[in-house]
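Trainee: Got a minute to go through this one with me? I'd like to start with the pockets.
Mentor: Sure, pull it up and ask away.

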Amino acid sequence: MNEKNFEYLKDQIKYTGFGEGLENELKEKMQQQTPSFTLNHDAHYGNDIALATLNFKKSDQSDMYFFNSYKVDLQKDNSKESLEQTFYINKGSNITMKEAYNLMEGRAVNKDLTSKEGQVYNSWVQMDFKEADNSGNFKLNQYHQNYGYDLESALSKHPIKELENAKFKEDLMDSLKKGNLQSATFLQDGKEVKHYIEANPQFKTINAYDGNLKRIDNRQTKEEKQSEGQSTAMKQDNKRQSQSSDDDGPAAPQEAKKRKKKQSNSM
């Protein structure tokens, strides 16, 4: 067995989101020197179960094995039918197991991808359930940098409390880029309300859901943002009025006082 090859594959499995529990089985399969082999991994996301089959193939020219792809069989808690998709391993940043689950849930993931020419580029990736190839794999739509989706700008249109703190904002954006359905605190009529949000690069916005995961209309959240802005403006205006009342008053009344004093002296 090629020891360096084993160490490389072990790390590749780990950083693609399958943990360290497959090491012993990987070593055993490599020692058998078969042309190809598979490893199995299962993950639970809430009540959903994702079964992954990792595919390895031996080189025709050497004793090295390659981790080529993994197939995910997703069994939804509320569905009798399962959903299948194969994800291919590339030289660059691979789609992790959790990201694969998020894609199969219909959400978008932001990745640094590598082109056929070897150039690295950033793109949002989202599964198109209306189009599949000959293998039954759903197409992955890409929304490149030039497409113009700005996650930070999309978030700023909503009254989200986490955006006020640099660290919380960064964590929120990182989670959304991984394709997660992320909880966020919305400010509504002076109250804090928990919602769930996800990135929507296709329409250059974010999707928001209430505590029961019911979709909230974007117009509603924009009105909340506008309402929150008006509330802040009113508070600032009231503060300015309060400060001015502690002085001698605004300019116009002062001028009136001066005129009144001159009239008094002339008499």
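Trainee: Which strand gives the largest share of the lining of the largest pocket?
Mentor: That's β4, which supplies four residues of the lining. Keep in mind that this is a predicted model.

Trainee: And which elements supply at least two residues each?
Mentor: β4 (82-88), β5, β6 and β7 (138-144) each do that.

Trainee: How much space lies in the pocket?
Mentor: About 450 Å³.

Trainee: Which residues should I click on to find its centre?
Mentor: Try Y88, N90, I95, L140 and Q142, which lie nearest the centre of the largest pocket. The lining has 20 residues in total.

Trainee: How do those divide into nonpolar, polar and charged?
Mentor: Ten are nonpolar, nine are polar and one is charged.

Trainee: Back to β5 and β6. In what sense do they pair?
Mentor: Antiparallel, over six bridges, with β5 covering residues 109-114 and β6 covering residues 120-132. If you want one bridge to look at, take L113, whose partner in β6 is Y121.

Trainee: What's between the two strands?
Mentor: Five residues, and β5 and β6 form a hairpin around them. Look at G118 in that turn: its phi is positive, about 90 degrees.

Trainee: New topic, aromatics. How many aromatic pairs are there in the whole structure?
Mentor: The search finds nine. One of them is F37 with F56, and that pair counts as stacked because the ring centres are 4.8 Å apart and the planes are at 10 degrees.

Trainee: Where do those two sit in the chain?
Mentor: F37 is in strand β1 (residues 36-45) and F56 is in strand β2 (residues 48-58). They are 19 residues apart, so the pair links distant parts of the chain.

Trainee: Are they buried or exposed?
Mentor: F37 is buried, at 7% relative accessible area. F56 is buried too, with a relative accessibility of 2%.

Trainee: Which ring does F56 stack with besides F37?
Mentor: F67. The centres of F56 and F67 are 4.9 Å apart and their planes are at 20 degrees, so that pair is stacked as well. F67 lies in strand β3 (residues 65-75), so with F56 in β2 the pair ties together parts that are eleven residues apart in sequence.

Trainee: What about burial for F67?
Mentor: F67 is buried, as F56 is.

Trainee: Which residues do the ring pairs link into a cluster here?
Mentor: F37, F56, Y65 and F67.

Trainee: What lies over the face of Y147?
Mentor: K204 does, at 5.0 Å from the ring centre.

Trainee: Last thing, cavities. How many of 30 Å³ or more turn up?
Mentor: One, from a search of the whole structure. The largest cavity has a volume of about 50 Å³.

Trainee: What lines it?
Mentor: K10, I13, K14, G19, E20, L22, E23 and L26 line the largest cavity. The elements giving two or more residues to that lining are α1 (3-18) and α2 (23-32). α1 has the largest share, three residues.

Trainee: And how does that lining divide by residue type?
Mentor: Three nonpolar, one polar and four charged.

Conventions. Residues are numbered from 1 along each chain as its sequence is written. This is a predicted model: local features need pLDDT of at least 70, side-chain atom pairs count only at pLDDT 80 or more; totals for chains, interfaces and linings use all residues. Side-chain values use heavy atoms; hydrogens and water are left out. Two strands pair if DSSP finds at least two bridges between them. On a 1 Å grid over the protein atoms alone, a cavity is a set of points where a 1.4 Å probe fits but cannot get out, and a pocket is an open set with protein on both sides within 12 Å along at least five of seven lines; lining residues have an atom within 4 Å of a point. Grid points are joined across faces, edges and corners, and a volume is the space filled by probe spheres set on the points. Ala, Val, Leu, Ile, Met, Phe, Trp, Tyr, Cys and Pro count as nonpolar, Asp, Glu, Lys and Arg as charged, and the others, Gly among them, as polar. Rings of Phe, Tyr and Trp (its six-membered ring) pair if their centres lie within 6.5 Å; planes under 30 degrees apart count as stacked, over 60 as edge-to-face and the rest as tilted. Buried means under 20% relative accessible area, exposed over 50%, partly exposed in between (1.4 Å probe, protein chains only). A charge sits over a ring if NZ of Lys or CZ of Arg is within 6 Å of the ring centre and within 35 degrees of the ring normal.
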